[in-house]
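Open the structure in your viewer and keep the selection panel at hand. The stops below say what to select and what is there.

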Amino acid sequence: MSRIGKKPVAIPGGVTATIDNGTLSVKGPKGTLTLGLSDLIDYKVEEGEILVKPANDSKQARAFWGMQRTLVSNLVEGVTEGFTKTLVIKGVGYRANAQGRTLKLQLGYSHDVDLPVPEGLEVKTPDQTTVEVSGIDKQAVGQFAAEIRRWRKPEPYKGKGIAYRGEYIFRKEGKKK
């Protein structure tokens with residue numbers, strides 16, 4: 001039995017959820033998100049909550065149960081609060097600048113890296129070494145943050161590169177004398 005799957009997903013005030021043609025739509029103050037529903041799981045929208053249960057007792061249905069409940073929970077959280085990932089840039093001369101729908105990165109290459117910001121996401125640079133990616137879709141926010149980080153992963157010797165805020169970079173020792 002899934003401990004996560006057993007919990008109903010609470011629907012806060014101002015949020016509506018509907019099931020139509022195998023799609024769950026959640027509408028809230030920040031926008032609308034949809035999720036394609038699995039045939040292995042039963043979904044029910046009741047007063048103030050969404051219930052997720054396996055459709056049968058197969059191993060695959062039980063395996064999907066907790067994940068599907070978490071996906072539904074992410075939809076509700078996204079349309080009410082949204083998601084944010086913060087990246088920190090460390091290194092001499094490394095900096096970022098958001099210009100409209102483009103993120104300009106200077107990461108020690110012979111050229112600047114220009115990344116177009118996907119639809120539905122917002123990128124802010126409060127200072128030259130911090131990038132904040134925010135939006136209502138958790139997967140899209142995490143994917144774009146990972147694409148930014150991919151350009152210069154943190155290295156273990158000096159810790160230079162792009163890291164998530166709060167991420168611990170394991171530092172290696174230098175040469176012994």
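The tour goes through a predicted model, stop by stop.

**Stop 1: the annotated spans.** Select residues 11–82 and 91–164. UniProt lists them, in an unreviewed entry, under "domain: Large ribosomal subunit protein uL6 alpha-beta". Residues 11–82 are 31% helix and 40% strand, and their end C-alpha atoms lie 15 Å apart. For residues 91–164 the figures are 18% helix, 38% strand and 14 Å between the end C-alpha atoms.

**Stop 2: an open sheet.** Show strands E1, E6 and E5. They form an open sheet of 3 strands in the order E1-E6-E5, with antiparallel pairing. E1 (9–10) and E5 (41–46) are the edge strands, each pairing on one side only. Now add E6, residues 49–54: 6 bridges join this strand to E5. Pick Glu46; its bridge partner in E6 is Glu49. Next, select helix H2, residues 59–80. H2 packs on the sheet and touches E1, E5 and E6. The direction of H2 makes about 165 degrees with that of E6.

**Stop 3: two hairpins.** Move to strand E8 (residues 95–99). E8 pairs with E9 in the antiparallel sense over 5 bridges. Arg95 stands opposite Gln106 in E9. The hairpin of E8 and E9 has 2 residues between the strands, and Gly100 takes a positive phi near 65 degrees.

Follow E9 (residues 102–106) onward. E9 and E10 run antiparallel, joined by 4 bridges. One pair to pick is Lys104 with its bridge partner Asp114 in E10. This hairpin has 6 residues between its strands. Gly108, in the turn, has a positive phi of about 90 degrees.

**Stop 4: the two faces of E10.** Select residues 113–116 and show side chains. Which ones are buried? Val113 and Leu115 are, and they point to one face. Asp114 and Pro116 point to the other face and are not buried.

**Stop 5: the largest nonpolar core.** Select Ile89, Leu103, Leu105, Val131, Val133, Phe144 and Ile148. Of the 20 residues in this core, these touch the most other members. Elements giving two or more residues to the core include E7 (83–90), E11 (121–124), E12 (130–135) and helix H3 (138–150). H3 gives the most, with 4 residues.

Zoom in on Leu105. Leaving out residues up to four places away in sequence, Leu105 touches Ile89, Arg95, Ala96, Asp112, Val113, Leu115 and Ile148.

**Last stop: another core.** Apart from the largest core lies another, of 19 residues. Select Val9, Val15, Val52 and Val72, which are among them.

Methods:
Residues numbered from 1 in each chain as written. Predicted model: local features only at pLDDT ≥ 70, side-chain atom pairs only at ≥ 80, totals over all residues. Heavy atoms only, no water. Buried < 20%, exposed > 50% of the residue type's maximum accessible area, 1.4 Å probe, protein only. Pairing = 2+ DSSP bridges. UniProt positions renumbered as here; feature names shortened; annotations may be inferred. Core = buried A, V, L, I, M, F, W, Y, C linked by side-chain atoms within 4.5 Å. Contact = heavy atoms within 4.5 Å. Axes fitted to C-alpha atoms, helices over the stretch in contact; angles between N-to-C directions.
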